[in-house]
Structure formats: C-alpha cells, structure tokens
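Trainee: Please take me closely through one part of this model, the packing of its interior. I would like to know which residues take part, and how the elements around them meet.

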Amino acid sequence: MKKIMIIDGGPRKNMNTAAMIGKFAEGASQAGAEVKVVRLYDLNYKGCISCLACKIKGRASNVCKFKDALTPILEEIAQADGLVLGSPIYFGDVTGQMRTFLERFAFPWLSYNDYSMTAPKKMPVVLIETMNGLPERNNSQGYGSMEYCIASALGQPEHLIAYNTYQVRKYDNFELAGFSEEAKRQWRDEHWEQDLQKAFDMGKHMAETIMS
Ligand SMILES: Cc1cc2nc3c(=O)[nH]c(=O)nc-3n(C[C@H](O)[C@H](O)[C@H](O)COP(=O)(O)O)c2cc1C
C-alpha cells in the first residue's frame with residue numbers, strides 16, 4: 001500500500017491547521033492510500049546539532065543520524081510515497097517546531113562536496129499554511145529557504161493556504177480588538193468550506209498520483 005506522511009507543525013489539535021490536515025488525510029484515505037499524521041508538538045526532539053555524522057567520509061547518509069524521537073519519523077518519511085507539511089504562520093514564518101524539524105530533515109540531503117541536494121527518494125509534496133493574513137496582504141514567508149531544499153531534493157511542492165482564519169472561537173473573550181469578528185465571520189462563511197474541500201481534493205489527488 002502507498003503511504004503518505006503528514007507532519008503537523010501546529011500546536012492546536014482542533015483548530016485550523018489540524019482541520020486542513022484532517023481533510024487532506026480524509027481525501028487521501030478515501031482514495032486508498034495509507035496515511036500517517038505526526039504531531040511535532042507531541043514529540044521531544046532537537047534541531048540539527050551540527051554533529052556532521054551525516055557527512056562522515058565513506059559513511060555519508062541522507063537521513064539524520066542523531067537519535068531522538070524524530071529518528072523513526074525521519075526514517076519513515078524516507079520510505080514514504082508522499083509528504084505533507086502543515087504549519088500555522090507565526091511572525092511570518094512556519095512555527096519553530098516545524099523549522100526545527102526541517103533542519104534535521106534537510107541538512108543530510110546537502111552534499112558539501114558538490115552542493116547537490118539528494119533525498120533518499122523523490123515524492124510529491126504539499127505545503128500547508130494557515131494564517132490571519134489575506135491573499136493580498138500577508139507577511140508569510142511560508143517555508144522560506146526550506147522550500148528550495150524541498151524542491152531540489154524531493155520535487156517541486158504544491159501549496160495549500162487558508163487565509164484569514166478564525167484564531168479563536170469567540171473573539172469577545174479575548175483582547176483582539178484589532179480584528180473585526182464580523183469581517184472574519186464573513187470571510188469564513190465564504191472561504192472556509194472551500195479551503196477544506198481543496199484540502200480533501202488535494203489529498204485525493206496525491207493518493208491517486210502515487211497509486212497510478
Ligand atoms: C505566536 C503567533 C504568531 C502569529 N503570527 C502571525 C503572522 O505573522 N501572520 C499571520 O498572518 N498570522 C499570524 N498568526 C495567526 C495564525 O497563523 C493563525 O491564527 C493560524 O491559522 C493558527 O493556526 P491554528 O488554528 O492551527 O493554531 C500568529 C499566531 C500566533 C499564536
């Protein structure tokens with residue numbers, strides 16, 4: 001059976017990023033793929049510690065050699081057929097947890113002999129972002145420089161973005177006067193179902209692609 005690994009880089013189990021990931025997983029499962037969702041906030045791991053074990057002469061590896069809770073996940077991704085990374089946007093970037101994961105994921109791909117990027121296996125990749133920003137006004141750098149690494153090593157990723165998300169369920173309960181709940185509600189009514197449907201469709205499409 002073909003397998004899709006989904007890496008959830010958001011802290012909240014029941015909010016926007018998790019909902020988009022859930023719909024992607026639903027679409028992919030319905031189309032017949034095995035799907036595994038990994039929540040980075042549930043794992044105890046570090047970023048790259050610069051041990052350079054992945055670049056030891058004669059024993060170079062394109063999967064990180066440092067052992068912690070991320071090790072089995074990195075090994076599982078190396079064997080997978082499709083990959084999804086999901087993150088809310090924090091201060092214009094993916095979360096620290098996602099960035100930390102990406103250091104461990106991507107550094108072993110990079111050859112310091114010829115600067116090529118080689119992953120164990122090419123595979124389709126979807127990058128999910130959710131944010132307060134609007135399509136025409138947002139501060140997101142997305143996956144930033146890591147997108148180049150992913151594109152070189154795994155293949156050009158596709159994007160799935162949910163804008164202007166509901167950050168809390170009830171705006172009245174928080175000091176969030178900079179946002180109009182009315183405007184948020186209107187946006188949600190017009191876009192959120194479509195965002196979820198797009199996530200479902202992209203999940204289905206990825207599963208169909210890797211199975212064909
Ligand atoms: C610490 C923090 C920083 C944020 N920074 C940004 C930002 O720079 N740009 C933006 O558009 N939204 C920002 N947001 C809003 C979140 O990206 C948005 O609410 C997202 O959909 C939350 O995802 P979640 O519901 O899965 O937790 C920030 C939220 C938090 C908690």
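Mentor: What follows goes from the nonpolar core to the elements that supply or cover buried residues, then to the helix contacts and a few loop positions.

This is a predicted model, in which local features need pLDDT of at least 70 and side-chain atom pairs count only at pLDDT 80 or more, whereas totals for chains, interfaces and linings use all residues. Residues are numbered from 1 along each chain as its sequence is written, and side-chain values use heavy atoms, with hydrogens and water left out.

The largest nonpolar core has 34 residues, of which I7, L83, L85, F101 and W109 touch the most other members. Such a core is a set of buried Ala, Val, Leu, Ile, Met, Phe, Trp, Tyr and Cys residues joined through side-chain atoms within 4.5 Å, where buried means under 20% relative accessible area, exposed means over 50%, and partly exposed lies in between (1.4 Å probe, protein chains only). At least two residues of this core come from each of β1 (3–8), α2 (71–79), β3 (82–90), α3 (96–106), β5 (125–130) and α4 (145–153); here helices (H or I, at least four residues) and strands (E, at least two) are DSSP runs, numbered from the N terminus. The helix α3 gives the most, with five residues. Apart from this core lies another, of 21 residues, among them I4, A28, V84 and I128. In soluble globular proteins, nonpolar side chains tend to be buried together.

To see how one member is placed, take I7, which, not counting residues up to four places away in sequence, touches I21, V38, L40, I73, I77, L83, V84, L85, G86, M98 and F101; contact means heavy atoms within 4.5 Å. Two of those partners, I73 and I77, are among the buried residues of α2, which are T71, I73, L74, E76, I77 and A78. The elements that cover the buried residues of α2 include β1, β2 (34–39), β3 and α3. Strand β1 also holds K3, a lysine that is buried because its relative accessible area is 16%. Leaving aside neighbours within four places in sequence, K3 is in contact with E34, K36, E76, A80, D81, G82 and I210.

The helix α3 meets α4 with axes that come within 11 Å and cross at roughly 35°; axes are lines fitted to C-alpha atoms, for helices over the stretch in contact, and angles run from 0 to 180 degrees between N-to-C directions. The crossing of α3 and α4 is left-handed, a term used if the near helix is turned anticlockwise from the far one by less than a right angle, with right-handed used if clockwise. R99, L102 and A106 of α3 and S145, M146, C149 and I150 of α4 make the contact. By class, these are five nonpolar, one polar and one charged residues, where Ala, Val, Leu, Ile, Met, Phe, Trp, Tyr, Cys and Pro count as nonpolar, Asp, Glu, Lys and Arg as charged, and the others, Gly among them, as polar.

Another pair is α1 (residues 16–30) and α5 (residues 181–211), whose axes come within 6 Å and cross at roughly 40°. That makes α1 oblique to α5, since angles under 35 degrees count as roughly parallel, over 145 as roughly antiparallel, 65 to 115 as roughly perpendicular and the rest as oblique. This crossing is right-handed. On the α1 side, the contact includes M20, F24 and A28, and on the α5 side it includes W192, L196 and F200; its residues divide into 11 nonpolar, four polar and four charged. T17, also in α1, is buried at a relative accessible area of 7%, and beyond its neighbours within four places in sequence T17 is in contact with D8, G86, S87, P88 and T130.

Two loop residues deserve a check of their backbone. F91, in the loop between β3 and β4 (93–94), has a positive phi near 50° and is exposed, with a relative accessible area of 87%. Y115, in the loop between α3 and β5, has a positive phi of about 65° and is exposed at 60%. Most residues other than glycine have a negative phi.
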